[in-house]
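Subject: Handover of a structure and the findings on it

Dear colleague,

Please find below the structure that I am handing over to you. My notes on what was found in it follow directly after.

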Amino acid sequence: MFVLSLAVDLHLPAAQSLKDKRMVVKSIVDGARHRFRVAAAEVGSHEQWQRAALGFVTVAGTERHAVEVMDEVDRFIWSRPEIEVVSMERRWSE
């Protein structure tokens, strides 16, 4: 079993309120869950309206499959024009 997580720190320059932020975050989290079958959640920066910390996790039977899934999530996030990626970090878990 292979468990790979992705931590993403985002800047949302167009967000003018927590409501604006949550609409964008919900779209990303729900989109990743449905398209790539990963666990996804907002994991930090809850009260900052132009920042978001998101976490994604996949469990796979092979290392290659886990990497492929996270590559897709990575591309999905980078394809969003309304956000700026501040940082991304992948971690393997045992």
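I begin at the surface, where Met 1, Val 57 and Val 59 make a nonpolar patch of about 320 Å². Please keep in mind throughout that this is a predicted model. Of the patch members, Val 57 belongs to strand E3. Its relative accessible area is 32%, so Val 57 is classed as partly exposed, the class between 20% and 50%.

**Two residues in strands**

Thr 58 is also found in strand E3, which covers residues 51–60. Is Thr 58 buried or exposed? Its relative accessibility is 5%, and Thr 58 therefore counts as buried, a class that requires a value under 20%. When residues up to four places away in sequence are left out, Thr 58 touches Phe 2, Val 3, Leu 4, Val 38, Ala 66, Val 69 and Met 70.

Ser 5 has its place in strand E1. With a relative accessibility of 19%, Ser 5 counts as buried, because the limit for that class is under 20%. Apart from residues up to four places away in sequence, Ser 5 touches Phe 56, Val 57, Met 70, Glu 89, Arg 90 and Arg 91. Val 57, a member of the surface patch, is thus one of the residues that Ser 5 touches.

**The nonpolar core**

Which residues of the largest nonpolar core touch the most other members? This core has 26 residues, and the ones in question are Leu 10, Ile 28, Leu 54, Phe 56, Val 73 and Ile 77. Two or more residues of the core come from each of strand E1 (2–11), helix H1 (18–36), strand E3 and helix H2 (63–78). For Val 73, the contacts beyond four places in sequence are Leu 6, Phe 36, Val 38 and Phe 56.

**Aromatic pairs**

A pair of aromatic rings is described by two values, the distance of the centres and the angle of the planes. How many aromatic pairs does a search of the whole structure find? The search finds two. One of them is formed by Phe 2 and Trp 92, with 6.4 Å from centre to centre and 80° between the planes, an edge-to-face arrangement. This pair links distant parts of the chain, since Phe 2 is in strand E1 and Trp 92 is in strand E4 (residues 84–93), 90 residues apart. Phe 2 is partly exposed because its relative accessibility is 31%, and Trp 92 is partly exposed because its value is 42%.

Phe 36 and Phe 76 also form an edge-to-face pair, with 5.7 Å from centre to centre and 65° between the planes. Here, too, distant parts of the chain are linked: Phe 36 lies in helix H1 and Phe 76 in helix H2, 40 residues apart. Both of these residues are buried. Phe 36 has already appeared above as a contact of Val 73.

**Salt bridges**

The structure holds 11 salt bridges. One of them joins the side chains of Lys 21 and Glu 42, at 2.9 Å from N to O. Lys 21 is in helix H1 and Glu 42 is in strand E2 (residues 39–44), so that the pair links parts of the chain 21 residues apart. Lys 21 counts as buried because its relative accessibility is 0%, while Glu 42, at 21%, counts as partly exposed.

A further salt bridge is made by the side chains of Arg 22 and Glu 47, at 3.9 Å from N to O. Arg 22 belongs to helix H1, whereas Glu 47 sits in the loop between E2 and E3, 25 residues apart. Arg 22 is partly exposed, with a relative accessible area of 38%. Why does Glu 47 count as exposed? Its relative accessibility is 60%, and the exposed class begins over 50%.

Glu 89 and Arg 91 also form a salt bridge, in which the closest N and O atoms are 3.1 Å apart. Both partners are partly exposed, Glu 89 at 39% and Arg 91 at 47%. In addition, Lys 26, Asp 30 and Arg 33 are joined into one network by salt bridges that share partners. Glu 89 and Arg 91 are also among the residues that Ser 5 touches.

Yours sincerely,
A colleague

How values were computed:
Residues are numbered from 1 along each chain as its sequence is written. This is a predicted model: local features need pLDDT of at least 70, side-chain atom pairs count only at pLDDT 80 or more; totals for chains, interfaces and linings use all residues. Side-chain values use heavy atoms; hydrogens and water are left out. Helices (H or I, at least four residues) and strands (E, at least two) are DSSP runs, numbered from the N terminus. Buried means under 20% relative accessible area, exposed over 50%, partly exposed in between (1.4 Å probe, protein chains only). Contact means heavy atoms within 4.5 Å. A nonpolar core is a set of buried Ala, Val, Leu, Ile, Met, Phe, Trp, Tyr and Cys residues joined through side-chain atoms within 4.5 Å. A salt bridge is a side-chain nitrogen of Lys or Arg within 4 Å of a carboxyl oxygen of Asp or Glu. Patches are made of residues with over 30% relative accessible area and no salt bridge: like charges are joined within 9 Å, nonpolar side chains (Val, Leu, Ile, Met, Phe, Trp, Tyr) within 5 Å. Accessible areas come from the Shrake-Rupley method with a 1.4 Å probe; for residues, only the protein chains shown count as cover. Rings of Phe, Tyr and Trp (its six-membered ring) pair if their centres lie within 6.5 Å; planes under 30 degrees apart count as stacked, over 60 as edge-to-face and the rest as tilted.
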